[in-house]
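Visitor: I would like a close look at a single part of this model, with the reasoning spelled out step by step. Could you take me through the metal site?

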Amino acid sequence: MVGCVLLLAGAARADKIVLKNGRKIIAYNVVEDGDKIRYETSAGQLALPKSIVDHIERGGLMPGMGSPAAAAASLNLEPPEPAATANESEIDKGAVHDGSVDRNYINNLESGAAAGGEKAIRAARAHLAASRFEMAKGDLEHSLSDARAAVSYAPEDPTTLMELAYVYLRRSEFKQSLEYLERAKRYAPNSPDVYKLEGWTYYGLNRPDQAAAEWKKSLALRPDPEVQAALDKAVRDKAEEENYKENESAHFQLKYNGAAEPGLAREVLHTLEGHYQQIESELNFSPPDPIGVVLYTQEGFADITRAPGWVGALNDGRIRVPVQGLTGVDSELSRVLRHELTHSFIQQKTRGRAPTWIQEGVAQWMEGKRSDENAATLVQVYDAGQAASLAQLEGSWMRLPGPMASYAYAWALANIEYIVQTQGMGDVERILDRLAAGTPTEQALREVLHDDYADLMQATVGYLKKNYGR
Ligand SMILES: [Zn+2]
């Protein structure tokens, strides 16, 4: 899934999915969704047909997670953070104190800063402090706008450029990140941090060879256990990928393990091309980049899911599908492909800016799911004043407790279904266009639907009552 980031803070809770054939999958956020089990792993969001699942063991601890070795294996690379001078740490303290960003302080520093010079450097520093603070809170949206402001005041400062690149990395916006790293490199050609971050960028862009080359350069300039672990992982990934065969069609690059049926791979491509045409015309958009697809047979998939992987590799836009035991595309697999393909379209159309509820709402709509079975429950939850707000469903759903997560999917679908059924898919398209331009989601809704989040939920509940009520 797009937008899911696995946060490795201490020991993580995880569930175990036990399949009828005895295989066990360690996963986060396991949710029953109709005849499907959806779950998150380091490989992204995946789904299995419920028919092959024996049972789910809830709430175990992810084995080995939280240990220093596992943390290193997860390749969670830290941003460069140079020691501050006395002057700079005074600005840091002025910009962020008492648990919040002091916008007045920053505004004051900004007056006269547009002319450049010392004032601009101080304003840039204050925005960087704010950006780091927002990131630590998990607010990547504000972290990005502060980092961009910092670069506007200090466009030639390599540290500032790297910090902006780092925010883009955390947002899985790899191309933008690369652009700023290339700029930073012009002013700091011997910085090990630039190569460290570039390695991450290439890794996220599915170019493990280039990632390894960058990390080697970084290590030659400065030993760094994080980078060494990242390099080792890239080398292992490459070895794993070499066992995969490739297949291509007009819009897809498909990889599959040698053990998968070649006929299945061809059929998957054929199915995807059919879905592609339909989604293309519904969303009135053609993704410029080819879409990567990886089919996992049992062993390959278990290997991927066993180890907590690297968060940066999650949002690489590849569709990852377990196909164990399948010899052809059945209706279930076809729906999974359609759902996951929709995510790729939205990711590319909005440049990664769609909130999770829109991603999952449109993906479920496209796969053919409707709100009928959940309508009564949603109305009840809403009328009891217990519905989550759409603002709460914007970010990652990884940390929502199990029952909340299934509501999240149901609310996402219901809101999108309401928009499509009453206003038409054209409005969804217009909302996505605004998100692509950087408009915050609620504002995009106001511009297109003339509704804010609360209005939309209310209208959606009205729609559910009218269409599914007895
Ligand atoms: Zn999804």
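Guide: What follows is a walk through the metal site, with a short look at a helix afterwards. The model is a predicted one, and the zinc ion in it is coordinated by NE2 of His339, NE2 of His343 and, through two OE contributions, Glu360, at 2.1 to 2.6 Å. Along the chain, these donors follow the spacing H-x3-H-x16-E. Histidine 339 belongs to helix α13 (residues 331-349), while glutamate 360 belongs to helix α14 (residues 356-367), so the pair ties together parts that are 21 residues apart in sequence. As for the geometry, the four donor atoms subtend angles of 53 to 148 degrees around the zinc ion, which makes the arrangement irregular; to count as tetrahedral, all angles would have to lie between 85 and 135 degrees. Histidine 339 counts as buried because its relative accessibility is 0%, and glutamate 360, at 0% relative accessibility, counts as buried too.

Helix α19 (residues 453-468) allows a check of another kind: at 1.5 Å a residue its 16 residues should span 22 Å, and the end C-alpha atoms are 22 Å apart, which agrees. Its buried residues are Tyr453, Leu456, Met457, Thr460, Val461, Tyr463 and Leu464, and they cover an arc of only 160 degrees around the axis, which puts them on the same side of α19. Ala454, Gln458 and Lys466, on the other side of α19, are exposed. At the start of α19, a side-chain oxygen of aspartate 452 reaches to within 3.1 Å of the backbone nitrogen of alanine 454.

Methods: Residues numbered from 1 in each chain as written. Predicted model: local features only at pLDDT ≥ 70, side-chain atom pairs only at ≥ 80, totals over all residues. Heavy atoms only, no water. Helix = DSSP H or I, 4+ residues; strand = E, 2+ residues; numbered from the N terminus. Expected span 1.5 Å × (residues − 1). Buried < 20%, exposed > 50% of the residue type's maximum accessible area, 1.4 Å probe, protein only. Arc of directions from axis to C-beta. Polar contact = N/O pair within 3.5 Å; in protein donor to acceptor, adjacent residues only side chain to side chain. Donors = N, O, S within 2.8 Å, 3.2 Å for Na, K, Ca; no water. Tetrahedral: all angles 85-135°; square planar, octahedral: opposite > 155°, others 65-115°.
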